[in-house]
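Q: Can you take me through the surroundings of the ligand in detail? I'd also like a word on the second largest pocket.

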Amino acid sequence: MSTCVAPVTSPDPRSPGSRPGPVAEASAAGLSLQRLSGWGRTGFVGCRVLRVRTPDEVAHALRTADQRGVLPRGLARSYGDAAQNAGGCVLDMTGLDHLEAIDREAETIRAGAGVALGRVLAAALPSGFVLPVLPGTASVTVGGALASDVHGKNHVHEGSFATHVASFTLMLASGERRTVTRADHDVFWSTAGGMGLTGIVLDAVLQLRPVETTQVLSVRRRCEDIEALLAATATAAADHEYAVAWVDLGARGAGAGRGVVEGGDHAGVADLPADRRQRPLRQDGDHRVTVPAGWPSGVVSWPAVRALGAARWARAPRRAATRLRPLGRFLHPLDGVSDWNRLYGRPGLVQYQLAVPDGTEELVAGIVRRVAAGPAACPVAVLKRLGPQPGLLSFPLAGWTLALDFPADAPRLHHLLAELDDRVAGCGGRVYLAKDSRLRPETLIRMYPRLAEWQAVRRSLDPTGVLISDLARRTGLATAGDHRRA
Ligand SMILES: Cc1cc2nc3c(=O)[nH]c(=O)nc-3n(C[C@H](O)[C@H](O)[C@H](O)COP(=O)(O)OP(=O)(O)OC[C@H]3O[C@@H](n4cnc5c(N)ncnc54)[C@H](O)[C@@H]3O)c2cc1C
């Protein structure tokens, strides 16, 4: 059986991520030395990566951990350093890929932690079921979705991913296996959103919801400025199952923060054209283009953002227009372009996703105008509504979320984001740990008021701190504000 013990390479920020480096000789079966990063392709570090296929292999890796600890990793769609462990052991969980048949009576499906949500969806749709909560990409594992307690475009109605998890199997740092249900409130809601630091999820029983078709009836229209966009997004979220808005940060003057709002509902058979009603659960093909490796740096700039924004705005309808869209394309528009993170070239990208409470619409509008006027080009800005969430470290809170993408080498980016941190924390908001690569311990404490409660649960589950990530080291997630251990 493999152990996670091997020499470590020095970090090489110039190397491509998630691939064995030149010294990647497996010193034990399934073990390789790799330089890893998150989806943002910044901050590459050397890790000992062990692809595990069974719970016994996970237990063995935990029991033989050295002082740099162990961390589970899914499909590495977190943007920053949440799924890396410099100089330590990283368990590639995608080998735990068993997917059972749907339990039609209970409307559930059991999936291994390494199964991608896209695979669960593809298995469920022919039987007329979907996952009630899906994030903006389907290339996310069950374990990763639970660890970040991900949300979709329907958080106000459906809550987060964990809201629909009936139970999961958690392997503690000691190697003990535990079945966790919502009755075990603290462990459940500390693992949901716990960023892999309370234990390793081996599998989960996921609640499904019935649908009649594979299509979404979407309604979209443009809004002339950020105030109109905020109002229309709130209405769309109340009126539709799903709602999302794209903010055009390239627009200037009175139109700053204009955008397109889209609401969506699962289509019924009667909504389909006559020729599709016979096969309402037919799945549409997967059309993908790929961004080649070696894409040049500097392509994402304000002139490019303005040109693309203007073109998108021009295509969007002035008045509400309805269309049928395949569920996958509606929920995961970026999945049509594989490796789109390469568009940012060698420096990579930083995503800043904030959540702020209801009643802070002026603050959101101010942030949008501030970013639009700043030197750092922002090609992607997505606005959604959020509802309340019970998780101790879960990101959502009742209010608004805004996700902003920047080239990692944008001018004065860190100054801008530090200013946003202050505004966000000052109104009781927070940034999303699954997207973060820069928060400091003092800001984390301000943003996550239940941090100490979460730390107490984590200590009870992993008293010696075997489970550890670069995110945890950088932010002091496991220890910040914890004077007992300081
Ligand atoms: C294009 C895009 C769109 C996105 N849209 C959304 C969105 O709409 N909503 C949203 O909430 N998020 C969104 N995300 C973020 C993404 O859903 C989360 O980062 C998610 O956690 C990634 O899952 P993963 O399998 O890639 O996990 P990784 O990124 O590999 O790991 C994420 C965390 O999960 C932990 N983890 C992984 N597997 C396990 C396991 N088996 N047991 C315990 N812990 C584990 C890791 O240690 C790490 O802390 C998006 C990301 C991208 C790239």
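A: Let's start with K384: a side-chain N or O atom of this residue sits 3.4 Å from an oxygen atom of the ligand, which fits the polar-contact cut-off (a pair of N or O atoms within 3.5 Å). Keep in mind that this is a predicted model, where local features need pLDDT of at least 70 and side-chain atom pairs 80 or more, while totals for chains, interfaces and linings use all residues. Numbering runs from 1 along each chain as its sequence is written, and side-chain values use heavy atoms, with hydrogens and water left out.

Two more polar contacts go to ligand oxygens. T141 brings a polar side-chain atom to 2.7 Å from one, and R77 has a polar backbone atom 2.7 Å from one. On its own the ligand has 970 Å² of accessible area (Shrake-Rupley, 1.4 Å probe), and the protein covers 97% of that.

Now for the shell as a whole. It holds 35 residues (a heavy atom within 4 Å), and R77 and T141 turn up again among the closest, alongside P72, S78 and Y432. By class, the shell has 20 nonpolar, 11 polar and 4 charged residues, with Gly counted as polar and Tyr, Cys and Pro among the nonpolar. β4 (70–73), α3 (142–147) and β10 (200–207) each chip in at least two residues; helices here are DSSP H or I runs of at least four residues, strands E runs of at least two. Because domain 1 (108–210) and domain 2 (215–440) both give residues to the shell, the ligand lies between them. Those bounds come from an automatic or database assignment.

The second largest pocket also draws on both domains, taking at least three lining residues from each. Its volume is about 540 Å³. There are 24 lining residues, with D284, G285, D286, G328 and R329 nearest the centre. α2 (117–124) and α8 (327–331) are the elements giving two or more residues to this lining, and α2 gives the most, with 4. The pocket lining splits into 7 nonpolar, 10 polar and 7 charged residues. A pocket is an open set of points on a 1 Å grid over the protein atoms alone, fitting a 1.4 Å probe, with protein on both sides within 12 Å along at least five of seven lines; lining means an atom within 4 Å of a point.

How values were computed
Polar contact = N/O pair within 3.5 Å; in protein donor to acceptor, adjacent residues only side chain to side chain. Points joined across faces, edges and corners; volume = space filled by probe spheres on them.
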